[in-house]
Amino acid sequence: MGLLKPRDAEAVQKRLASDLEGPVTIRFFTNSTGGLQIPGTECEYCPTTYQLLSEVASLGSRISLEVYNILTDPESARKYGVERIPAIILSRDNGSGVRFYGIPAGFEFAVLLDDLIDVSRGRTSLSERTKAALASLEKDVHIQVFVTPTCPYCPKASRIAHAMAIESPRVRADVVEAMEFPMLAERYNVYGVPKVVINETTSFEGAVPEDVFLDYVLAAASMELLDEGKRE
């Protein structure tokens, strides 16, 4: 039985057919695509995430799904900087800045679909100010957005972060399902979602407007430049 209801699958197929403009690759990192897993390497949501991605990929002729097993193919995990599973990377022309850690379910499923479309187009609806600021970045920026599937405010933060990664090769944006990675959530003191952490130095909570989000990104990037200047 599929995860997507027939009516939902039909809607997804129609949208992908009309809105995808170019090929997009989903790279999925797992330890198992079935129910059986090696003891000590369990990933509760890996099989379900694989099933969801397989169903989505089957509904879009321009979507390709590549599956990597981090146990048997650690080289690919190192190449793409994947340290935890399930991990999803959406890319066009081999980019790797748009990422999900955990299953993109609930409200985050819409984010997955919107991201697929934006990645296929290679452009987003971010403002010209934001795009210009991202184009001027001199240092890499790592954005982590902690979410839960039932949070109605999380998709806004997820979409802005991923759009920034699409617009700039210097930005990597990870949307992290907080309940699947409790130790990571504890590390960053995630008590409410969405919570955004940028370059380990800057954080905020809530679905803030795009211009405010950008200000946090630029502030974090400035800290990186300042720190480098002190080291020199």
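## Sheet, pocket and cavity in a predicted model

Strands S4 and S6 each put at least two residues into the lining of the largest cavity. Keep in mind that this is a predicted model, with every value here computed from it.

Let's stay with that cavity for a moment. The count comes to 1 cavity of 30 Å³ or more, and the largest cavity holds about 40 Å³ of space. Its lining is made by Phe100, Tyr101, Gly102, Ile103, Pro104, Glu108, Val147, Val175, Val176 and Glu177. Which strand gives the largest share of that lining? S6 does, with 3 residues. By class, the cavity lining has 7 nonpolar, 1 polar and 2 charged residues.

Now for the open space. The largest pocket has about 370 Å³ in it. Its lining runs to 21 residues, and Gly95, Ser96, Gly97, Ala165 and Pro169 lie nearest the centre. Several elements supply at least two residues each to the pocket lining: strand S3 (87-91), strand S4 (98-101), strand S5 (141-147), helix H6 (154-167) and strand S6 (171-177). If you care about the chemistry of the wall, the pocket lining divides into 8 nonpolar, 7 polar and 6 charged residues. Here are the two spaces again, in table form.

| Space | Volume | Nonpolar | Polar | Charged |
|---|---|---|---|---|
| Largest pocket | about 370 Å³ | 8 residues | 7 residues | 6 residues |
| Largest cavity | about 40 Å³ | 7 residues | 1 residue | 2 residues |

On to the sheet. It is an open one of 8 strands, ordered S2-S1-S3-S4-S6-S5-S7-S8, and the pairing is mixed. At the edges sit strand S2 (63-69) and strand S8 (202-205), each of which pairs on one side only. From one strand to the next the twist averages 15 degrees. Helix H6 lies across S4, S5, S6 and strand S7 (195-198), and runs at about 160 degrees to S5.

S3 is a good place to look more closely. How many of the residues of S3 are buried? The strand is mostly covered, with 5 of its 5 residues buried. Ala87, Ile89 and Ser91 point one way from S3, Ile88 and Leu90 point the other way, and all are buried. On one pairing, S3 meets strand S1 (residues 24-30) in the antiparallel sense over 5 bridges, and there Thr25 has Ser91 of S3 as its bridge partner. S3 also pairs with S4, again antiparallel, over 4 bridges, where Ile88 stands opposite Phe100 in S4. That second pair forms a hairpin with 6 residues between the strands, and Asp93 in the turn has a positive phi of about 60 degrees.

Ile88 turns up again in the surroundings of Thr49, a residue of helix H2 (residues 46-59). Is Thr49 buried or exposed? Thr49 counts as buried because its relative accessibility is 0%. Setting aside residues up to four places away in sequence, Thr49 touches Phe28, Pro86, Ile88, Ile103 and Pro104.

Pro86, one of those contacts of Thr49, also has a backbone feature worth checking in your viewer. The peptide bond from Ile85 to Pro86 is cis, with omega near 0 degrees. Pro86 belongs to the loop between helix H3 (74-80) and S3. A cis peptide bond also joins Val193 and Pro194, with omega about 0 degrees, and Pro194 is in the loop between helix H7 (182-187) and S7.

That H7-S7 loop holds Asn189 too. Phi of Asn189 is near 55 degrees, a positive value in a residue other than glycine. At 39% relative accessibility, Asn189 counts as partly exposed. In the loop between S7 and S8 you'll find Asn199, which has a positive phi of about 55 degrees although it is not a glycine. Asn199 counts as buried, since its relative accessibility is 11%.

Last stop is Thr202, in strand S8. Although S8 is an edge strand, Thr202 counts as buried at 8% relative accessibility. Leaving out neighbours within four places in sequence, Thr202 is in contact with Val196, Val197, Tyr216, Ala220 and Met223. Thr202 and Val217 are 15 residues apart in sequence and 8.1 Å apart in space, C-alpha to C-alpha.

Technical notes. Residues numbered from 1 in each chain as written. Predicted model: local features only at pLDDT ≥ 70, side-chain atom pairs only at ≥ 80, totals over all residues. Heavy atoms only, no water. 1 Å grid on protein atoms, 1.4 Å probe; cavity = no way out; pocket = protein on both sides within 12 Å on 5 of 7 lines; lining within 4 Å. Points joined across faces, edges and corners; volume = space filled by probe spheres on them. Nonpolar A, V, L, I, M, F, W, Y, C, P; charged D, E, K, R; others polar. Pairing = 2+ DSSP bridges. Axes fitted to C-alpha atoms, helices over the stretch in contact; angles between N-to-C directions. Contact = heavy atoms within 4.5 Å. Buried < 20%, exposed > 50% of the residue type's maximum accessible area, 1.4 Å probe, protein only.
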